[in-house]
Amino acid sequence: KKQEEGVAGVGVLLAGTSLSSAPQSTNLLTTSPTPTLNPSANSASSEHQQIELEKKIRNLRKKARQCEELRKRKQKGEKLEEGQESKINTLDALQVELVNLESSLSSI
């Protein structure tokens, strides 16, 4: 029996496998199984994709809130720095990207 490193650093026990170049037996009990599509792996991938989209959406909402606060401060007459002015100018693009990501999230 050989032990190989798994995806998450966990050892995986492989019965009847050999890492040598010698031909292996065709006995089904000693050969490794053929990879198949695993529905739970697909759902895990979809779940990971959903989590990543949710993170991006949260970050964009935070940036949009910050831009809105700066815009309100400017409207009240407060003098803003150049970087703050440019941040306000990105608000429309942030909102468009936010709408796109939210629609992508709803289609998962």
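**Figure 1. How to read the exposure labels in these close-ups.** A residue is called buried when its relative accessible area is under 20%, exposed when that area is over 50%, and partly exposed in between. Arg61 is a handy example: with a relative accessible area of 41%, Arg61 is partly exposed. Please keep in mind throughout that this is a predicted model. Of the 108 residues of the protein, 12% count as buried.

**Figure 2. The overall layout of three helices and two strands.** Walking along the sequence, you meet the elements in the pattern β-β-α-α-α. Two of the helices come back in the views that follow: helix 1, which covers residues 39-75, and helix 3, which covers residues 91-106.

**Figure 3. The largest nonpolar core.** Which residues make up this core? There are nine of them: Leu53, Ile57, Leu60, Ala64, Cys67, Leu91, Leu94, Leu98 and Leu101. Helix 1 and helix 3 are the elements that give two or more residues to this core. Helix 1 supplies the largest share, with five residues. In soluble globular proteins, nonpolar side chains tend to be buried together.

**Figure 4. A salt bridge between Arg61 and Glu102.** Here the closest N and O atoms are 2.6 Å apart. Arg61 sits in helix 1 and Glu102 in helix 3, so the pair, 41 residues apart, links distant parts of the chain. How accessible are the two partners, Arg61 and Glu102? Arg61 is partly exposed at 41% relative accessible area, and Glu102 is partly exposed too, at 30%. The structure holds five salt bridges, and this pair is one of them.

**Figure 5. A salt bridge within helix 1, from Glu52 to Lys55.** The closest N and O atoms of Glu52 and Lys55 are 3.6 Å apart, which means they fall within the 4 Å cut-off for a salt bridge. Why are these two residues about one helical turn apart? Because Glu52 and Lys55 lie three residues apart in helix 1. Glu52 has a relative accessible area of 30% and is partly exposed, while Lys55, with 39%, is also partly exposed.

**Figure 6. A salt bridge joining Arg73 and Glu78.** In this pair the closest N and O atoms come to 2.6 Å. Arg73 is partly exposed, its relative accessible area being 32%. Its partner Glu78 is partly exposed as well, with a value of 37%.

**Figure 7. A patch of positive charge on the surface.** Lys62, Lys63, Arg65 and Lys87 gather here. Which element gives the largest share of the positive patch? The answer is helix 1, with three residues. Lys63 is a good residue to start from: Lys63 belongs to helix 1 and is partly exposed at 43% relative accessible area. Patch members need over 30% relative accessible area and no salt bridge, so Lys63, at 43%, clears the area cut-off.

**Figure 8. Lys63 beside Lys87 in the positive patch.** This view stays with two members of the patch and looks at the backbone. How far apart are the C-alpha atoms of Lys63 and Lys87? They are separated by 8.8 Å, although the two residues are 24 residues apart along the chain. Lys63 has its place in helix 1.

**Figure 9. Ser104 in helix 3, shown with Gln50.** Is Ser104 buried or partly exposed? Its relative accessibility of 31% lies between the 20% and 50% limits, so Ser104 counts as partly exposed. Along the sequence, Ser104 and Gln50 are 54 residues apart. In space, their C-alpha to C-alpha distance is 9.1 Å. For orientation, helix 3 is also where you find Glu102, the salt-bridge partner of Arg61.

Notes
Residues are numbered from 1 along each chain as its sequence is written. This is a predicted model: local features need pLDDT of at least 70, side-chain atom pairs count only at pLDDT 80 or more; totals for chains, interfaces and linings use all residues. Side-chain values use heavy atoms; hydrogens and water are left out. Patches are made of residues with over 30% relative accessible area and no salt bridge: like charges are joined within 9 Å, nonpolar side chains (Val, Leu, Ile, Met, Phe, Trp, Tyr) within 5 Å. Accessible areas come from the Shrake-Rupley method with a 1.4 Å probe; for residues, only the protein chains shown count as cover. A salt bridge is a side-chain nitrogen of Lys or Arg within 4 Å of a carboxyl oxygen of Asp or Glu. Lys and Arg count as positive and Asp and Glu as negative; His and the chain ends are not counted. The place of a charge is taken as NZ of Lys, CZ of Arg, CG of Asp or CD of Glu. Helices (H or I, at least four residues) and strands (E, at least two) are DSSP runs, numbered from the N terminus. Buried means under 20% relative accessible area, exposed over 50%, partly exposed in between (1.4 Å probe, protein chains only). A nonpolar core is a set of buried Ala, Val, Leu, Ile, Met, Phe, Trp, Tyr and Cys residues joined through side-chain atoms within 4.5 Å.
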